Amino acid sequence: MPSTRRILFMSVNYSNPAGGVRTVYRHAEILRRHGFQASVLHVGGPDQLHFETNAHVIRATDNPPFREDDILVVNEDRRECLDFAASINLTKVLFLQNHFFMFEGLPEGLGYGDIGITHYLIGSAWMARAMEELLGLEDVPVVRYAIDKARFFPEAKRRKIAYMPRKLPLAARFIRRAFRQRYPEYADIEWEEISGLPEAEAARRLRQSAIFLALGRTEGLGLPPLEAMSSGCLPVGFPGDGGKEYMTAENGFWVEQEDMMACVHALAEAVRVLEQPDRLKAMLANGANTAGYYSMDGMEADLLAFWEQVTAV
């Protein structure tokens with residue numbers, strides 16, 4: 001029987017699509033579906049989201065009363081959220097979604113224990129290792145991210161390169177023009193920018209694209225390349241650090257971070273593979289298997305195991 005303790009996920013929503021915000025809402029959805037009293041505590045940002053959700057939402061502007069057995073879940077990068085968490089006497093869980101931001105919300109000289117964090121929830125094994133090394137933690141629990149196969153699946157492909165330039169706009173511009181300059185024989189390849197789109201539309205464009213250009217940086221994991229693999233795209237590009245957890249020579253064409261010329265040549269190799277049925281089939285199968293680990297069922301199992309342990313205390 002799930003605990004009756006309330007689990008309140010603090011969220012500052014963003015005006016642009018953000019996988020971290022989507023994951024917070026998804027956790028709340030899953031837990032409530034299994035009988036936990038889980039809600040999103042909306043503490044800032046727009047009400048309009050870039051994805052569909054049935055998560056139970058409480059707005060902080062409504063001054064919700066807290067119960068002494070509530071559990072507050074905070075993210076690592078929002079100073080206002082961590083300041084609020086420090087001011088209230090509740091059980092507190094840190095949901096870290098990017099190890100590069102792990103000190104952004106903390107006042108200088110303070111650790112998470114100083115503001116009352118007693119439990120840690122991490123989104124990938126790559127990030128967990130960083131937490132263990134930097135904070136001296138042991139056996140940090142991981143609740144894997146999930147790719148929604150109902151949205152991200154292959155369709156009939158066009159000779160098209162999809163890309164998300166938000167994190168590396170200069171690299172996006174350079175790679176696109178340098179590719180056309182260096183490989184004029186591929187001038188017929190379409191380029192499809194995916195920026196600021198609702199999740200459903202972004203997924204539709206990936207499903208129709210043959211290649212995905214990964215332009216991540218300082219990633220905790222990096223969901224777009226996994227979504228591309230699940231959508232049957234050949235991925236090319238940068239690991240963004242966190243992507244090293246799953247990127248191999250068998251599932252994509254990966255180059256050193258921000259080595260833009262290497263990326264131009266890797267794109268050309270990916271285009272050539274489109275005309276090599278056996279190699280293409282093998283790489284797409286490896287990509288699908290990689291993305292398959294990050295399944296909704298896997299996330300659900302990890303999440304329930306974590307919260308059953310925390311709420312039992």
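**Exercises on strand E7, helix H4 and aspartate 302**

In this predicted model, tyrosine 163 stands opposite glutamate 193 in E8. The exercises begin from this pair.

**Exercise 1.** Determine in which sense E7 and strand E8 pair, and over how many bridges.

*Solution.* E7 and E8 (residues 190-193) pair in the parallel sense, with four bridges between them. From E7, the chain passes through helix H4 (residues 169-182) to reach E8, and this β-α-β crossover is right-handed. E7 (residues 158-163) also pairs with strand E9 (residues 209-215), again in the parallel sense and over four bridges. Within E9, isoleucine 211 is the bridge partner of isoleucine 161.

**Exercise 2.** Establish which residues of H4 are buried and where they lie around the axis.

*Solution.* Step one is to list the buried residues of H4: Ala171, Ala172, Ile175, Ala178 and Phe179. Step two considers their directions: they cover an arc of only 150° around the axis, so they lie on the same side of H4. Step three turns to the face directed away from that buried side, where the exposed residues Leu170, Arg173, Arg177 and Gln181 are found. Step four identifies the packing partners of the buried residues, namely E7, E8, E9, strand E10 (234-238) and helix H7 (260-273).

**Exercise 3.** Decide whether aspartate 302 counts as buried or exposed.

*Solution.* Aspartate 302 belongs to helix H9 (residues 296-312). The cut-off for buried is under 20% relative accessible area. Aspartate 302 has 18% relative accessibility and therefore counts as buried. Leaving aside residues up to four places away in sequence, aspartate 302 touches Val142, Val143 and Arg144.

Methods:
Residues numbered from 1 in each chain as written. Predicted model: local features only at pLDDT ≥ 70, side-chain atom pairs only at ≥ 80, totals over all residues. Heavy atoms only, no water. Pairing = 2+ DSSP bridges. Helix = DSSP H or I, 4+ residues; strand = E, 2+ residues; numbered from the N terminus. Right-handed = clockwise from strand over helix to strand, strands pointing away. Buried < 20%, exposed > 50% of the residue type's maximum accessible area, 1.4 Å probe, protein only. Contact = heavy atoms within 4.5 Å. Arc of directions from axis to C-beta.
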